[in-house]
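Please open the structure in your viewer and keep the sequence panel beside it. The tour below proceeds by selections, each followed by what is to be found there.

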Amino acid sequence: MPSRALHQVLGPSALTRREAAAKPLAGSARPGRLLRPALELGDVTKVFGLDSGQRVTAIDRLSLTIEPREFVCVVGPSGHGKSTLVNLIAGFTPPTSGSIICQGQPVTGPGPDRGVVFQADTLLM
């Protein structure tokens, strides 16, 4: 399944949620302020319906936590859910099921807290 390959590429987060909650935010004005994940995906699934009536599962139960200041790169062959994942995080398309939380807020659509650079420069032509 594409999402399993994607999950293997992404791997589990270096910190669990419990460890992240116990880690104080560096440079915080308030001592003891807790660091929250920058991005959390919880059991995210995205299924597309084709005109033929078939259903294609692009991402299947993906869970991922990205901590603040953590850099993540998603790589893989064509058709394995990379662009779908970016579109879900950007809020361009909703997940079929699961949750996406960005800086403590549910992703329900595009927002100023996230940006996307498209693969093609068609907007500049």
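Begin with glutamate 40, which counts as buried because its relative accessible area is 18%, under the 20% limit used for that term. The model shown here is a predicted one, and glutamate 40 belongs to its strand E1. If you add isoleucine 101 to the selection and display the C-alpha atoms, you will find those of glutamate 40 and isoleucine 101 separated by 5.0 Å, although the two residues are 61 residues apart along the chain.

Now select the whole of E1, residues 39-49, and move along the strand to threonine 45, which is also part of it. Threonine 45 has a relative accessibility of 9%, and therefore counts as buried. When its neighbours within four places in sequence are left aside, threonine 45 is in contact with Thr57, Ile59, Asp60 and Arg61, and also with Pro95, Thr96 and Ser97.

Next, show the side chains of lysine 46 and phenylalanine 48, where the charged end of the lysine sits over the ring of the phenylalanine, 5.3 Å from the centre of that ring. How many aromatic pairs does a search of the whole structure find? The search finds zero, so there is no aromatic pair to select on this tour.

Turn then to the largest nonpolar core, which has 13 residues, and select Leu39, Leu41, Leu85 and Ile100, the residues with the most contacts inside it. Two or more residues of this core are given by each of E1, strand E2 (55-66), H3 and strand E3 (97-102), and the largest share, four residues, comes from E2.

Helix H3, residues 82-90, makes a good next selection, and its buried residues are Thr84, Leu85, Leu88, Ile89 and Ala90. Just after the helix comes glycine 91, whose phi is positive, near 90°.

Finally, display the largest pocket, whose volume is about 690 Å³. It is lined by 25 residues, and those nearest its centre are Leu85, Val86, Ile89, Gly115 and Val116. Which elements give two or more residues to this lining? They are E2 and H3, with H3 providing the largest share, seven residues. Leu85 is a residue to keep selected at the end, since it is listed among those with the most contacts inside the largest nonpolar core and also among those nearest the centre of the largest pocket.

Conventions: Residues are numbered from 1 along each chain as its sequence is written. This is a predicted model: local features need pLDDT of at least 70, side-chain atom pairs count only at pLDDT 80 or more; totals for chains, interfaces and linings use all residues. Side-chain values use heavy atoms; hydrogens and water are left out. Buried means under 20% relative accessible area, exposed over 50%, partly exposed in between (1.4 Å probe, protein chains only). Contact means heavy atoms within 4.5 Å. Rings of Phe, Tyr and Trp (its six-membered ring) pair if their centres lie within 6.5 Å; planes under 30 degrees apart count as stacked, over 60 as edge-to-face and the rest as tilted. A charge sits over a ring if NZ of Lys or CZ of Arg is within 6 Å of the ring centre and within 35 degrees of the ring normal. A nonpolar core is a set of buried Ala, Val, Leu, Ile, Met, Phe, Trp, Tyr and Cys residues joined through side-chain atoms within 4.5 Å. On a 1 Å grid over the protein atoms alone, a cavity is a set of points where a 1.4 Å probe fits but cannot get out, and a pocket is an open set with protein on both sides within 12 Å along at least five of seven lines; lining residues have an atom within 4 Å of a point. Grid points are joined across faces, edges and corners, and a volume is the space filled by probe spheres set on the points.
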